[in-house]
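Here are a few short exercises to work through with the coordinates open beside you. Try each task before reading its solution.

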Amino acid sequence: MSEKQQILPFQPVIDRLRDPEYTDTDFAVALGVTRDILRTWTQKGIRFYVADKLVTRLGYRDWE
C-alpha cells in the first residue's frame, strides 16, 4: 500500500515565478507542463513528489 502524498498549494510557485505578462499557456510551457496540468495544480494543489521533481528540473533544488 502506498503512502498518501502531501498536497501543497501551488500559489507560492505562481507568485515567485510567473511573469505577469505570461498567459496561462506561456507559463505552462515555461514549466514544461500542459495548461490543463497548470490549471489542476492551481485549483487543487500539487503533490509533494511532483513539486520536488518540478523544482529540481527548474534548478531551484539545492542539494548542497
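In what follows, helices (H or I, at least four residues) and strands (E, at least two) are DSSP runs, numbered from the N terminus. Please keep in mind that this is a predicted model.

**Exercise 1. The overall layout**

Find how many helices and strands the protein chain has, and state which pattern the chain follows along the sequence.

Solution. Start with the count: there are four helices and two strands in the protein chain. Next, put these elements in sequence order, which gives β-α-α-α-β-α. For the dimensions, take the principal axes of the C-alpha trace, along which the chain spans about 40 × 30 × 15 Å. Finally, look at the surface: about 5300 Å² is accessible, and carbon and sulfur atoms own 51% of that. Of the 64 residues, 19% count as buried.

**Exercise 2. The aromatic pair**

Locate the one aromatic pair of the structure, and decide whether it is stacked, edge-to-face or tilted.

Solution. Step one is to identify the partners, phenylalanine 10 and tryptophan 41, whose ring centres are 5.2 Å apart. Step two is the geometry: planes under 30 degrees apart would be stacked and over 60 edge-to-face. The planes of this pair stand at 50°, so the pair is tilted. Step three places the partners in the chain. Phenylalanine 10 sits in the loop between strand S1 (7–8) and helix H1 (11–17), while tryptophan 41 belongs to helix H3 (residues 35–44); the two are 31 residues apart, so the pair links distant parts of the chain. Step four checks accessibility, with buried meaning under 20%. Phenylalanine 10 is buried at a relative accessible area of 2%, and tryptophan 41 is buried at 10%.

**Exercise 3. The nonpolar core**

Work out which residues make up the largest nonpolar core, and which helix gives the most to it.

Solution. Begin with the members, 11 residues in all: Phe10, Ile14, Phe27, Ala28, Leu31, Val33, Leu38, Trp41, Ile46, Ala51 and Leu54. Now sort them by element: helix H2 (24–31), H3 and H4 each supply at least two residues. H2 gives the most, with three. To see one member's surroundings, take phenylalanine 27 and set aside its neighbours within four places in sequence: its contacts are then Phe10, Val13, Ile14, Leu17, Arg18, Tyr22 and Leu38.

**Exercise 4. Two residues compared**

Classify isoleucine 46 and leucine 58 as buried, partly exposed or exposed, then trace their contacts.

Solution. Take isoleucine 46 first; this residue lies in strand S2 (residues 46–47). Its relative accessibility is 3%, so isoleucine 46 counts as buried. Beyond neighbours within four places in sequence, isoleucine 46 touches Gln6, Ile7, Leu8, Phe10, Trp41, Ala51 and Leu54. Isoleucine 7 is 39 residues from isoleucine 46 in sequence, yet their C-alpha atoms are 5.4 Å apart.

Then turn to leucine 58, found in the segment after helix H4 (48–57). With 29% relative accessibility, leucine 58 counts as partly exposed. Outside its neighbours within four places, leucine 58 is in contact with Leu17, Ala30 and Leu31. Alanine 30 is 28 residues away in sequence, and the C-alpha to C-alpha distance between alanine 30 and leucine 58 is 9.3 Å.

Methods: Residues numbered from 1 in each chain as written. Predicted model: local features only at pLDDT ≥ 70, side-chain atom pairs only at ≥ 80, totals over all residues. Heavy atoms only, no water. Phe/Tyr/Trp six-rings, centres within 6.5 Å; stacked < 30°, edge-to-face > 60°. Buried < 20%, exposed > 50% of the residue type's maximum accessible area, 1.4 Å probe, protein only. Contact = heavy atoms within 4.5 Å. Core = buried A, V, L, I, M, F, W, Y, C linked by side-chain atoms within 4.5 Å. Areas by Shrake-Rupley, 256 points an atom, 1.4 Å probe, with all protein chains shown as cover.
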